[in-house]
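Let us walk through this protein step by step, beginning with its overall make-up and ending with a single residue in a loop. Keep the structure in view as you read, and look for each part as it is named.

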Amino acid sequence: MKKIEAVIKPFKLDEVREALSEVNISGLTVTEVKGFGRQKGHTELYRGAEYVVDFLPKIKLEVVVSDEMLETAIDAIVKAAHTGKIGDGKIFVSSIEQVIRIRTGELNEAAL
């Protein structure tokens, strides 16, 4: 099993969720986060004063999939989140040793 963590632009969330649903991936966790990469933030003007906004709003998606579904899920996220502009985001993949569904006690693939 693999855990996919994707950091994307906030307005792409619905498209990514729909793309994952189309490939039969239903469970995901969404967190509002802030960060920056090559964008390095930007400057805003507020009441005549200039402010540097170092951290930009992003969305972090987390989804655990079987090894067989990994490439399908990554492709769906990349296609849905892509704008071609700086700041599209990143995808991180890590291994998951065990999953337990609390309600039923199901383990691993059955718990997904």
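The model shown here is a predicted one, and in it the protein has two helices and six strands. If you follow the chain from the N terminus, these elements appear in the order β-α-β-β-β-β-α-β. Of the 112 residues in the protein, 29% are buried, while the accessible surface comes to about 7700 Å², with 51% of that area belonging to carbon and sulfur atoms. Among the contacts between residues at least 6 apart in sequence, 72% join residues that are at least 24 apart.

The next part to find is the sheet. Strands of a sheet pair through backbone hydrogen bonds, and this pairing may be either parallel or antiparallel. Here four strands form an open sheet in the order β2-β5-β1-β6, and the pairing is antiparallel. The edges are taken by β2, residues 29-35, and β6, residues 89-95, each of which has a single partner strand, so one side of each is left without a neighbour in the sheet. Neighbouring strands of this sheet are turned by 20 degrees against each other on average, if direction is ignored.

One pairing can be followed in detail, namely that of β1, residues 2-8, with β6, which runs in the antiparallel sense over seven bridges. Within this pairing, A6 has I91 in β6 as its bridge partner. Helix α1, made of residues 13-22, packs on the sheet and touches β1, β2 and β5, and its direction makes about 10 degrees with that of β5. Helix α2 also packs on the sheet, where it touches β1, β5 and β6, and its direction makes about 5 degrees with that of β1.

What lies in the nonpolar interior? The largest nonpolar core has 19 residues, and those with the most contacts inside it are I4, I8, V16, L20, L61 and V65. At least two residues of this core come from each of β1, α1, β5 and α2, and α2 gives the most, with seven residues. Leaving aside its neighbours within four places in sequence, V65 is in contact with M1, K2, I4, I25, L70, A73 and L112.

Finally, consider S66, which is found in the loop between β5 (56-65) and α2 (70-81). Is S66 buried or exposed? Because its relative accessible area is 10%, S66 is buried, the cut-off for this being under 20%. Apart from its neighbours within four places in sequence, S66 is in contact with M1, E109 and L112.

Notes. Residues numbered from 1 in each chain as written. Predicted model: local features only at pLDDT ≥ 70, side-chain atom pairs only at ≥ 80, totals over all residues. Heavy atoms only, no water. Buried < 20%, exposed > 50% of the residue type's maximum accessible area, 1.4 Å probe, protein only. Contact = heavy atoms within 4.5 Å. Areas by Shrake-Rupley, 256 points an atom, 1.4 Å probe, with all protein chains shown as cover. Pairing = 2+ DSSP bridges. Axes fitted to C-alpha atoms, helices over the stretch in contact; angles between N-to-C directions. Core = buried A, V, L, I, M, F, W, Y, C linked by side-chain atoms within 4.5 Å.
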